[in-house]
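The following explanation proceeds from strand pairing to individual residues and then to the surface. The reader is invited to keep the sequence and the model in view throughout.

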Amino acid sequence: MVRMKGSKQNFAQAVDNISAVDEDDLLDISPENVSGDQLKKRIDEELDEVIEEAEEEAEKASENMSELKIDEAKDEDKSEAEPEVKTEDTEKTEATEEKVEEKPVEIKEEKPEKTVKSKKGNKKMGNALERELTNSEEELTGMSENTTYITKGTTITGDLDVDGDVEMLGRVEGNIKCTGKLVVGGVVTGNIETGDFYAESAHVEGEILSGGILRVGAGSVIVGNVSAMDAMISGAIKGDIDVKGDVEIGSTAVIVGDIKSKSVQVSNGAVIEGMCKQVYASVDVNQYFGEGIQDLDINK
């Protein structure tokens with residue numbers, strides 16, 4: 001007996017092939033034409049041929065499946081074995097991404113620039129005075145919060161007595177007394193008694209008594225005697241100046257009157273009509289002018 005090889009599907013196909021035999025062939029093997037043995041033999045032969053063809057087709061299909069599986073396995077091995085190829089652009093992109101991820105965002109706070117003023121001993125103090133006097137009023141005075149303001153266009157008739165600083169840009173007809181700084185940018189007709197005194201484009205008719213620094217800027221005019229601890233003058237003063245410390249006279253200064261001080265420095269271009277006496281200096285000038293020339297040697 002012949003055994004069929006292959007799957008049920010192949011057997012079903014073989015049966016279909018038998019059922020698809022032409023009617024002419026069936027006529028040849030009909031009972032009218034052949035005997036029973038011949039008919040059985042003929043059917044067995046036909047069946048064997050169909051089974052052989054089915055087996056061949058099944059073997060071919062099995063071989064094709066095996067080859068397909070081998071090809072798929074090779075493709076998988078090849079894909080696993082192939083290393084990832086990185087182009088130069090890919091490496092640059094990855095490096096950039098790493099840098100962007102690693103580098104934190106830095107927020108820089110802007111800091112105001114600091115002005116450093118250098119001091120040179122060989123420069124004349126008069127030039128430093130001129131630079132200071134040309135600075136803004138705020139830099140010169142450093143006014144406190146406890147400040148009384150007299151605005152431009154305001155006129156006050158009568159005396160003023162203020163506890164604190166005063167900034168005056170208007171006009172005062174009377175005496176002024178304040179315990180702090182007095183900044184005058186207007187007109188004063190009367191005597192002034194204050195701590196520090198600053199004049200910028202001011203006109204003052206009267207005596208000024210300052211317990212601190214007296215600064216008279218270029219363009220200011222003072223008619224009257226002046227007294228202070230230290231003075232820096234670049235304006236015009238008509239009157240005697242009595243300063244316990246140092247007096248610095250700028251190149252734009254015009255002074256008509258005597259100057260008494262501990263020391264005086266005059267810049268080139270200043271005009272002084274009067275006597276300069278260093279009465280508060282620690283040097284006794286009389287020791288240099290005795291009865292004879294031999295007294296000049298102070299070491300004897």
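Two strands are taken to pair if DSSP finds at least two bridges between them. The model under discussion is predicted. In this model, β19 (residues 246-249) is joined to β16 (residues 230-233) by three bridges, and the two strands run parallel. On this side of β19, Ile249 is the bridge partner of Ile233. Strand β19 is also joined to β22 (residues 263-266), here by four bridges and again in parallel orientation. Within that pairing, Asp246 has Ser263 in β22 as its bridge partner. Because the criterion requires at least two bridges, the three bridges between β16 and β19 satisfy it, and so do the four between β19 and β22.

Attention may now turn to a loop residue. Ser220 is located between β13 (213-216) and β14 (221-223), in the loop that connects them. Is Ser220 buried or exposed? Its relative accessible area is 2%, and Ser220 is therefore classed as buried, since the limit for that class is under 20%. The side chain of Ser220 reaches the backbone oxygen of Ala199 at a distance of 3.3 Å. Apart from neighbours within four places in sequence, the residues in contact with Ser220 are Ala199, Glu200, Ser201, Ala202, Gly235 and Ala236.

One of these contacts, Ser201, merits separate consideration. Ser201 lies in the loop between β10 (197-199) and β11 (203-205). Its relative accessibility of 51% places Ser201 in the exposed class, because that class begins over 50%. The backbone of Ser201 has a phi near 55°, a positive value in a residue that is not glycine. As a general background, most residues other than glycine have a negative phi.

The charged and nonpolar features complete the account. How many salt bridges does the structure hold? There is one, and it is formed by the side chains of Glu173 and Arg171, with an N to O distance of 3.2 Å. Glu173 is partly exposed at 35% relative accessibility, and Arg171 is likewise partly exposed at 33%.

A nonpolar patch on the surface consists of Val283, Val285, Tyr288 and Phe289, which together have about 430 Å² of accessible area. Among them, Val283 is found in the segment after β24 (276-277). Val283 has a relative accessible area of 46% and is partly exposed; this value meets the patch criterion, because a member must have over 30% relative accessible area.

Definitions and conventions:
Residues numbered from 1 in each chain as written. Predicted model: local features only at pLDDT ≥ 70, side-chain atom pairs only at ≥ 80, totals over all residues. Heavy atoms only, no water. Buried < 20%, exposed > 50% of the residue type's maximum accessible area, 1.4 Å probe, protein only. Polar contact = N/O pair within 3.5 Å; in protein donor to acceptor, adjacent residues only side chain to side chain. Contact = heavy atoms within 4.5 Å. Patch = residues over 30% accessible without salt bridge, like charges linked within 9 Å, V, L, I, M, F, W, Y side chains within 5 Å. Areas by Shrake-Rupley, 256 points an atom, 1.4 Å probe, with all protein chains shown as cover. Salt bridge = Lys/Arg side-chain N within 4 Å of Asp/Glu carboxyl O.
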